[in-house]
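Please open the model in your viewer, colour it by secondary structure, and keep the selection panel at hand. The stops below are meant to be taken in order.

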Amino acid sequence: MSTRVFIADDHGVLRGGLRALISAQDDMEVVGEAANGPDAEAGIKATEPDVALMDISMPNGGGLAAIAAVKQSRPKTRILVLTVHDELGYVRAASEAGAIGYVVKNVVDTELLAAIRAVAQGRSFMDSSVSLETRQSMQTKVAEAIRGRKASQLTEREREVMGRVAEGFTNSQIAEELRLGVKSVETYRSRVMQKLGLTSRADLVRFALECGLLAPGKSAP
């Protein structure tokens with residue numbers, strides 16, 4: 001299945017070059033393009049691409065505002081910034097707006113394609129000119145986003161059971177507190193582990209802490 005890519009940049013010649021490069025790949029296709037922020041937001045919402053390749057400096061509101069708007073209206077689309085700016089401040093701003101990849105426009109074709117593939121898989125990608133500190137910051141944001149999406153898949157009851165398992169409650173204690181059968185608690189517990197891709201209670205505790213579902217120092221009765 002091809003990775004669907006949307007191109008947003010105010011330079012028509014560059015868009016044409018990017019379109020040709022991406023379309024030549026067996027595993028990619030260009031589904032739309034735009035020359036400014038509002039058109040990019042509307043186009044991405046309409047075409048639902050896997051990856052949006054976006055510039056920071058675009059007319060009618062700018063690229064950063066467009067990135068934030070896209071993440072609000074189309075959170076499943078992963079954003080890769082392609083820009084002339086290599087200053088640390090721009091990288092941080094793009095990350096805070098919702099981008100998970102950042103490359104400068106003098107990057108070679110092979111690196112850009114690698115960046116698109118990485119971002120399509122939900123992995124962060126940083127140009128080699130970007131500092132290690134900022135790379136680590138963006139990787140953390142990506143990990144937090146993934147954890148958040150996983151946690152949002154849980155029902156309210158599953159979250160209740162997960163929190164109590166992480167706190168150290170036994171199945172019997174959870175059943176008594178939530179007025180459930182022990183078998184039901186075991187089912188909820190198994191379902192939570194499966195949904196989150198966890199294999200041990202230690203993993204569950206770590207996940208609960210990182211998602212704010214467990215306050216450090218809290219213990220079972």
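The tour goes from the whole chain to the sheet, then to the helices, and ends at two loop residues.

**The whole chain.** Bear in mind throughout that this is a predicted model. With the full chain displayed, you should find ten helices and six strands, and buried residues account for 43% of the 221 residues. Of the contacts between residues at least 6 apart in sequence, 62% join residues at least 24 apart.

**The sheet.** Select the six strands next; they form an open sheet in the order 2-1-3-4-5-6, with parallel pairing. Strand 2 (28–34) and strand 6 (125–126) are the edges, and because each has a single partner strand, one side of each is left without a neighbour in the sheet. Keep the sheet in view and add helix 1 (residues 12–23), which packs on it and touches strand 1 (3–8), strand 2, strand 3 (51–54) and strand 4, with its direction at about 160 degrees to that of strand 2. Then add helix 5 (residues 109–120), which lies across strands 1, 2, 3, 4, 5 and 6 and runs at about 160 degrees to strand 4.

**Strand 3 and its partners.** Hide the helices for a moment and zoom in on strand 3. Strand 3 runs parallel to strand 1, to which four bridges join it, and it also pairs with strand 4 in the parallel sense over four bridges. Methionine 54 is a useful residue to centre on, since you can look from there to alanine 8, which stands opposite it, and to valine 81, its bridge partner in strand 4. In a regular strand the side chains alternate between the two faces of the sheet. In strand 3, Val51 and Leu53 lie on one side and Ala52 and Met54 on the other, and all of them are buried, which leaves both faces of the strand covered.

**Strands 4 and 5.** Move on to strand 4 (residues 78–83) and strand 5 (residues 101–104), which pair in the parallel sense over four bridges; here leucine 82 stands opposite valine 103 in strand 5.

**Two helix pairs.** Bring the helices back and select helix 2 (residues 37–47) together with helix 3 (residues 63–73), which pack at an angle of about 20 degrees with their axes 9 Å apart. Because of that angle, helix 2 is roughly parallel to helix 3, and helix 2 passes helix 3 in a right-handed crossing. Show side chains for Gly37, Glu41, Ile44 and Lys45 of helix 2, which meet Ala66, Ala69, Val70 and Ser73 of helix 3; the residues of this contact divide into four nonpolar, two polar and two charged.

For contrast in angle, select helix 8 (residues 171–178) and helix 9 (residues 182–196), which pack at about 105 degrees with their axes 8 Å apart, and are therefore roughly perpendicular to each other. Asn171, Ser172, Ile174 and Ala175 of helix 8 make the contact with Val182, Val185, Glu186 and Arg189 of helix 9.

**Two loop residues.** Which residue in the loop between helix 2 and strand 3 should you select next? Glutamate 48 lies there, with a positive phi of about 50 degrees although it is not a glycine, and at 44% relative accessibility it counts as partly exposed. Most residues other than glycine have a negative phi. Finish at arginine 179, in the loop between helix 8 and helix 9, where phi is near 60 degrees, again a positive value in a residue other than glycine; at 79% relative accessibility, arginine 179 counts as exposed.

Notes. Residues numbered from 1 in each chain as written. Predicted model: local features only at pLDDT ≥ 70, side-chain atom pairs only at ≥ 80, totals over all residues. Heavy atoms only, no water. Pairing = 2+ DSSP bridges. Contact = heavy atoms within 4.5 Å. Axes fitted to C-alpha atoms, helices over the stretch in contact; angles between N-to-C directions. Parallel < 35°, antiparallel > 145°, perpendicular 65-115°, else oblique. Left-handed = near helix turned anticlockwise from the far one by under 90°. Nonpolar A, V, L, I, M, F, W, Y, C, P; charged D, E, K, R; others polar. Buried < 20%, exposed > 50% of the residue type's maximum accessible area, 1.4 Å probe, protein only.
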